[in-house]
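Work through the following exercises with the sequence and the model side by side. Each task is followed by a solution that goes step by step.

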Amino acid sequence: MNMLFRYAGQALVYLIFAAFLGYFASAPVYNHFPADKALIKLSLAHGAAREGGCRRRTQEELQKLAPNMRRPMDCPRQRLPVVIEFEIDGVTLYSASEPPTGLSGDGPSRIYQRFTVSAGKHDIVARLRDSDRTEGFDFEKKATIELKAQQSLAIDFRQEMGGFLLRW
Amino acid sequence: MYHLGALGFFYFWVVAVSGIYVYIFFDTGISEAYDSVEYMTHDQWYLAGVMRSLHRYASDGMVAMMMLHMVREFSLDRHRGSRWFTWFTGVPILWLVVICGITGYWLVWDSLAQYVATATTEWLDWLPIFGESVARNFLSPELLDDRFFTLMVFLHIAVPLILLLVLWIHLQRVSKPEIFPARGLAVGSFGMLLALSLAWPALSQGPADLGKVPAAIGLDWFYLIAYPVVEIWGAGPAWALAFGGSTFICILPWLPRLQHKSIAQVDLANCNGCTRCQVDCPFAAITMNPRSDGRPFEREAVVDPELCTGCGLCAGACPTSTPFRRASALVPGIDLVDQPLRDLRQQIQDATDNLSGERRVLMLGCAHGMRFGHPAIDGVAAVQLPCVGALPPSFIDYVLSRNLADGVLLAGCNGGECYSRFGIRWTEERLAGERDPHLRSRVPRDRIGQLWTGARSAKQLGKELRAFQARLPERPAKTEKSKAQPEASPETPAEETV
């Protein structure tokens, strides 16, 4: 009888552990995004213009450099920040000046933002400045989009492809 | 509970074998990955599908065992002293196991994988270590490359191999580690996993679509519990929690201890370098060095205080640890500084002085397993030891031959899970005459009881004690109790002096 209880007890422990494993392996369900909303991701990695232009080194300056370092042009490594604005239905959701990455500030500026918006039709405007101009923007994209619930829209930027890209 | 670490190993091997089988059918491609897993789950459900489920549930079981193992070792204060290395190397194991799980879920490329990929890369991007944003790879389907899956497969194979290496390192300071559970436990655990896999097979959660946001996710809470934290707290605080928590766990062995640690000390005048203490030390805290005092012995025992846990097994193993002394004081070749054997002998004499009745019992138990204190039972006295293995067998002979008690009940941690690892095993072997120092054959075995049941209630303990008392045979002829005269006895056995 004792053996019977012992085996029954062991079976019960295995059953409880199996239920624990089986349940928490995929439950409870985690609702991490509202089912009636859509998502817009604004993401880019873009290097702005160099801070200040190149200048030609004088003969005296070149003589002071080691022979293998005597490049005639002196170009700064530091890049300008990328200024970006994002509007939806006339409301500015994001406006920032992103500094360049890298220890010498010569890497691209990185932006990755998520916006949860209601499903439906929206007017969006994305603007970007990557030069030393003080006003206005170098690139702008206006579009009217229609988002379904749980749809994800990515706004990317590729200068070689003409600027902003909408990726569905 | 003693087999948690060994069970973790067992689950690891189930994961490894099932993973190798699943890998045979797995395709590394954006659409091929999901399709191949679906083929396994539905078309070949009877083998590949079961293997997939075993892979998942054994992985989850491994996490459960790992966490329980860690909490248990901490709660039993088994992370300090010489155990620091094992504790410390357990922390990278936590990270590696989680990385294995994340890369594994990623490979299925269903909506859960999409969530895991996006959330992981967004979390990683917070760290200023990537030149390009990793999360940008998952902006839209056209940006994702098949090669990314090749990389993930590589990681999902490489990281477990690194995990295996770290597991090996984890056990380097543990002599005779138990990495396989008892056969019955292994069979039962595998049967449980198999039954679970058949009854509740692991399923995918619909193909990934980067143009959509998966709203409701069936998370594996064993591996992915950090993700809701990242979303609620943000990436920075979540990293702070992960790194801060890991660092805190790492330094736990060096935080102030709540109890004073007693360590072993060698008395060279009584040490002949017999090596018994070195062989019996569960933490390799004793080494045998060349003799330094000019006496005609080859070696001498040297204790490393950093590795010594103060269990006293060495004192229990020392052949000079005999309470029968003619003229000299009880100073064995090796002994605990704060709990010397001469104190134990005195405690035994004090405790048994007032014992009366027909069936007097002296209970000798370890401090960890039996928190018995003073059982309020007539004819029962109790003396506590650091570990039951710290009791030299000659002390049992001493108690019974001097008629200090009619029976000796040895009480210790629950069978097999000795706090000092080998205290119970060494005691049983010494009593059975299989390990030095032996219990002399003249000692009546029917007057010795063993109670390896761990901490239990006073009521249960009382029941066990009464049962032991009832089992004790009558003394053939009553002899007067020998009062405390440890230094002079005609019974002093010559072989117990060195």
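**Exercise 1: a sheet in chain B**

Four strands of chain B form an open sheet in the order E7-E6-E8-E9, with parallel pairing; strands, like helices, are DSSP runs numbered from the N terminus, with at least two residues (E) for a strand and at least four (H or I) for a helix, and two strands pair if DSSP finds at least two bridges between them. The model is predicted, so that local features need pLDDT of at least 70 and side-chain atom pairs count only at pLDDT 80 or more, while totals for chains, interfaces and linings use all residues. Residues are numbered from 1 along each chain as its sequence is written, and chains are lettered from A and ligands numbered from 1 in the order in which they are written.

Task: Which are the edge strands of this sheet, and which helix packs on the sheet, touching E6 and E7 of chain B?

Solution. Begin at the borders: strand E7 (380-385) and strand E9 (448-452) of chain B are the edge strands, since each pairs on one side only. Next, consider the twist, for which neighbouring strands are turned against each other by 20 degrees on average, direction ignored; axes here are lines fitted to C-alpha atoms, for helices over the stretch in contact, and angles run from 0 to 180 degrees between N-to-C directions. Then look at helix H12 (residues 341-353) of chain B, which packs on the sheet and touches E6 and E7 of chain B, its direction making about 165 degrees with that of E7(B); contact requires that the C-beta atoms of two residues, placed from the backbone, lie within 7 Å. Finally, strand E6 (residues 361-366) and strand E8 (residues 407-412) of chain B run parallel and are joined by five bridges, and Gly365(B) stands opposite Ala411(B) in E8(B).

**Exercise 2: two helix pairs in chain B**

Task: At what angle do helix H4 and helix H6 of chain B pack, and at what angle do helix H2 and helix H3 of chain B pack?

Solution. For the pair H4 (residues 84-108) and H6 (residues 146-170) of chain B, the angle is about 160 degrees and the axes lie 9 Å apart. H4(B) and H6(B) are therefore roughly antiparallel, given that angles under 35 degrees count as roughly parallel, over 145 as roughly antiparallel, 65 to 115 as roughly perpendicular and the rest as oblique. Their contact comprises 19 nonpolar, seven polar and no charged residues, where Ala, Val, Leu, Ile, Met, Phe, Trp, Tyr, Cys and Pro count as nonpolar, Asp, Glu, Lys and Arg as charged, and the others, Gly among them, as polar.

For the pair H2 (residues 30-43) and H3 (residues 45-75) of chain B, the angle is about 120 degrees, with axes 6 Å apart, which makes H2(B) oblique to H3(B). On the side of H2(B) the contact is made by Met40(B), Thr41(B) and His42(B), and on the side of H3(B) by Trp45(B), Ala48(B), Gly49(B) and Arg52(B). By class, these divide into three nonpolar, three polar and one charged.

**Exercise 3: where the chains meet**

Task: How many residues of chain A are in contact with chain B, and which element gives the most to that side of chain A?

Solution. The count is 32 residues of chain A in contact with 31 residues of chain B. H1(A) gives the most to the chain A side, with seven residues. That side holds 17 nonpolar, eleven polar and four charged residues. Strands also join across the chains, as two bridges link E1(A) to strand E1 (residues 216-217) of chain B in an antiparallel run, with Ala216(B) as the bridge partner of Asn31(A).

**Exercise 4: backbone details**

Task: Where are Pro28(A) and Pro437(B) placed, and is Gln150(A) buried or exposed?

Solution. Pro28(A) is in the loop between H1 and E1 of chain A, and the peptide bond leading to Pro28(A) from Ala27(A) is cis, with omega near -5 degrees. Pro437(B) lies in the loop between helix H14 (423-431) and E9 of chain B, where a cis peptide bond joins Asp436(B) and Pro437(B), with omega about -10 degrees.

Gln150(A), in the loop between strand E9 (139-147) and E10 of chain A, has a positive phi near 70 degrees although this residue is not glycine. Gln150(A) counts as buried because there are 20 C-beta neighbours inside 10 Å; a residue is buried if 20 or more other C-beta atoms, placed from the backbone, lie within 10 Å of its own, exposed if 12 or fewer, and partly exposed in between.
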